Structures are given as C-alpha cells and as structure tokens.
Amino acid sequence: PPASQNNEQGSTLRDLLTTTAGKLRLGSTDAGIAFAPVYSTGTASGKSGRTMPNILDDIIASVVENKIPPNRAPKINVKSEIKDEPKDDRKCVQDDCSKRYSDIQYSWICDKHVLWLRDHKNNNNWKLFKECWKQGRPVLVSGMHKKMNFSLWKAESISLDFGNQQADILNCKDSVISNTNVKEFWDGFEDVSKRQKIKNGETALLKLKDWPSGEDFKAMMPARYEDLLKSLPLPEYCSPEGKLNLASHLPGFFVRPDLGPRLCSAYGVAATKDHDIGTTNLHIEVSDVVNILVYVGIAKGSGVLSKSGVLKKFEEEDLDDLLRKRLKDSSELPGALWHIYAGKDADKIREFLQKIAKEQGLEVLPEHDPIRDQSWYVNKKLRQRLLEEYGVKTCTVIQFLGDAIILPAGALHQV
C-alpha cells in the first residue's frame, strides 16, 4: 500500500498477524488448522472452486483488503473445554485443597513452594500435579524405588557390567575432567580408601557425569532403561509416550532438547574436608527435568562422617518441619541436598554472584554468565547474604532414596 496507509495496516509481520487474528476463526472446521486461511473462490482457468493458497500470503492480503486498524484489538472468545478448572489457580495451590483432592496423599513443603506427593501409586496424582505445574512449582514424588528392580542399580552391579568402559570423570573440587576407566570410579564409590587423592592428600570428590546418556543409555543398558521407564512418576507427563509430554510430540522439524535419560553418579561430600562444595553447581536446564534417586551408597573408611554425623549436617540446613521429620524416620535414607530457586530470581542471583566474584578479586567478563557457566556452588553463608541483600529465599529439599524431583524448565538448582 502507499506510505500513507502504513500506519493503518501495520508495518511489521507481528502487526499483520495480530490485526488479522480477529477475522480468522480458531479451530476452523474448514481448514483443520489453528488459523483458517482465506480461500480464493476461483482458479486461473476461470473455474469455480476453493484452493488452499499460501497461508501467510493470504493473511497479508486479507489485512490489505479489509484495512483492519492495528490499534483495534480483535475480540476472540475461546471457551474452555475443561469444566472443572478453578477460577483462581493460585488460590487452589496456596489454600488447603484437602476437600477437592481428598483421595490424594500430599503435603506442601518449603513454605508451600514444593508439592510433595507421598503415594506414587495413586493414579489421580496428575490432577493435583497439573494445578501445581501451572504455577511453575517443583514437585517431589516419593517411593519410586519400590517400583524398580533395586539390584540393577547397585554400584557393584553397574561396575561389574560396565567397568571396562571409558568415560569423562569430573573432579568437583577443581572442575578438572579426565577420561578414565569407569571401574576406578565405582571401586571408590563406597570404599574411601580406593578413591583418588588430590595433590594435598585430600580425597577427591568425583562425579561420573551424564554417563551413559540418551540413545547410549538405551543401547548400553536396555534392562535398566526399561526398568526406569516403567517406574517414572506421573507417566502422563514424564513418560516418553505420555499424552501430556509435549516435547515428545513436537514435529520432526523442531530441534528437541536432549531428553535423556542420563545416569548421573557422584561421591558424597561426607568424606571430604570441605563441605561447601557440590557435585552439581548452580545452573538452569532448558527443559523440564525429572531426577530419581535410584541408589544411595554408604561410604566407609577413615575420615567419613558417621550416620549421625551426616544427619547432623542435614539438620544444620534451613529445613521444612516435614523434612526434619523424614530425617528421623529410620526407614528413610537421605542421599542428596538440593537448593532450588524460581526462574524469576535468575537476574538477581546473576547480579549477586558477579558482585561476590568482584569481592573475591576475580575477573568478571561481560560475556561470562555465572549461571550458564555453572561456576558457582552457593554455600550457606552466601545463601544467607542472597536473602538479606536481594530478598531471594532458598528452597532447600532433601532427596531420599526413591524420591523423584520434578523441576520446571528455568528453575535454578544445585546439588
């Protein structure tokens, strides 16, 4: 159109598409696609008929022909097909939903930030999970190990089957990666005397990172792969074939994130002098993640904390009362300590870590992102400063044997 009409028509593709939306019907039965195209009523030969033209061309042509002002918001009324949705999702999550979900065993932990589903066998868990997931909140499901073949996941079993494999092993203390025989890692998993020593004689804190992963996992460990898949929590969402697992149903032309599964194994910090380091530094995943603790090894040897010593270390954390109660339950086996932050706090945390780096005399380059680089484990002292100086509270979760932690994409976490 002439330049004088540009303001009326909209000058960008975004303008063209949004101003046309009011004219097009959602869910058209004619086209079977989200945006119904504008059909032409004749062909080049002059015969009457309807053809499917280029959709984008027709959208643009429709805007030009009908001169829909871009400042007039289209009125689209899409009725919800779900009749039982609450009017206020947040209220349903925050308030006591015991009447609505009386058939589900659940609790709220971390100041109602994390949903804990206590009965993994309940087929109705997904209904409450859905309410929580819409708010972008983490979810904990306990007891998954009861569905699994426990003998497959023992350290000695994996070492016996795959000890001759080579893999990248990360030293969590200094972030040095070496390609080593997997058997060396597993030999020291529960026997501290067989672990590597670093230059000052201190026991190394090693991690067998993402080995195996994805298709390699399925090819190398078919029995374990099948055992894991049949034991996934909330299969409607977490199973590769789950009807609500959106990533599994993306068209082939999308670049999908690596959905795993990945086996991540690490020594505990109980045998190290420095308890302010983690086996997984603070980072963000690009997709939703379900992490199941399938095995907890009990390290033996000099310098290792006793069971009561390990429990005392857990109790020093800022824990929810329900988690403290689980720690005292002799039938529960704690294995991992998680610190989780909401995605909305990422910028504050990034700014805080850059500030701490400058305080420590470290060079802060503009192209370096402390979260993306996974260069920080935020210890207890720093977590307290983060709360006092930036108002960002840490959500602390203890993962016990058989617990599945489900994190929404964008949630920051360290382990």
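## Buried cysteines

Buried here means under 20% relative accessible area. Cys-110 has 14% relative accessibility, so Cys-110 counts as buried. Cys-132 comes in at 1%, and therefore counts as buried too. Keep in mind that this is a predicted model.

What about disulfides? A disulfide is a covalent bond between the sulfur atoms of two cysteines. Searching the whole structure turns up zero disulfides.

## The overall picture

The protein has 415 residues, and 41% of them are buried. Its secondary structure comes to 14 helices and 15 strands. Take the contacts between residues at least 6 apart in sequence: 69% of these join residues at least 24 apart.

## Helix H5

Cys-132 belongs to the buried set of helix H5. The helix spans residues 125–133 and is mostly covered, with seven of its nine residues buried. Which ones are buried in H5? Along with Cys-132, they are Asn-125, Leu-128, Phe-129, Lys-130, Glu-131 and Trp-133. So that buried list takes in Lys-130 and Glu-131, and Lys and Glu are residues that count as charged.

## The sheet with E12 and E13

Strands of a sheet pair through backbone hydrogen bonds, either parallel or antiparallel. One open sheet here has four strands in the order E10-E15-E12-E13, with antiparallel pairing. Its edges are strand E10 (283–284) and E13, each of which pairs on one side only.

Edge strand or not, E13 (residues 395–400) is mostly covered: six of its six residues are buried. Which way do the residues of E13 point? Cys-395, Val-397 and Gln-399 go one way, while Thr-396, Ile-398 and Phe-400 go the other, and all are buried. The partner of E13 is strand E12 (residues 334–341), which runs antiparallel to E13 and is joined to it by six bridges. Across that pairing, Trp-338 sits opposite Val-397.

## The second largest pocket

E12 and E13 turn up again at the second largest pocket, where each of them, like helix H4 (89–94), supplies at least two lining residues. The volume of this pocket is about 590 Å³. Its lining runs to 28 residues, and those nearest the centre are Cys-110, His-113, Ala-342, Lys-393 and Cys-395. That brings back Cys-110, buried at 14% relative accessibility, and Cys-395, one of the buried residues of E13.

How does the lining of the second largest pocket divide by class? There are eleven nonpolar, nine polar and eight charged residues.

## The sheet with E6 and E8

Another open sheet has four strands in the order E7-E6-E8-E9, again with antiparallel pairing. The edge strands are E7 (176–181) and E9 (265–266), each pairing on one side only. Inside the order, strand E6 (residues 166–171) pairs with strand E8 (residues 206–208) in the antiparallel sense, over three bridges. In this pairing, Ile-169 faces Leu-208 of E8.

## A small enclosed space

The whole structure contains one cavity of 30 Å³ or more. How much space lies in the largest cavity? About 30 Å³. The residues lining it are Asn-171, Lys-173, Ile-198, Glu-202, Thr-203, Ala-204, Leu-205, Thr-272 and Ile-277. By class, the lining has four nonpolar, three polar and two charged residues.

## Phe-189, a buried loop residue

Phe-189 sits in the loop between helix H7 (182–187) and E8. Buried or exposed? Phe-189 counts as buried, because its relative accessibility is 11%.

What does Phe-189 touch, leaving aside its neighbours within four places in sequence? Its contacts are Ala-155, Arg-195, Ala-266, Tyr-267, Tyr-295 and Gly-297. The C-alpha atom of Phe-189 is also 9.2 Å from that of Ser-265, a residue 76 places away along the chain. Strand E9 covers 265–266, which ties this loop residue back to the E7-E6-E8-E9 sheet through the contact with Ala-266.

Terms used
Residues numbered from 1 in each chain as written. Predicted model: local features only at pLDDT ≥ 70, side-chain atom pairs only at ≥ 80, totals over all residues. Heavy atoms only, no water. Disulfide = S-S within 2.5 Å. Buried < 20%, exposed > 50% of the residue type's maximum accessible area, 1.4 Å probe, protein only. 1 Å grid on protein atoms, 1.4 Å probe; cavity = no way out; pocket = protein on both sides within 12 Å on 5 of 7 lines; lining within 4 Å. Points joined across faces, edges and corners; volume = space filled by probe spheres on them. Pairing = 2+ DSSP bridges. Contact = heavy atoms within 4.5 Å.
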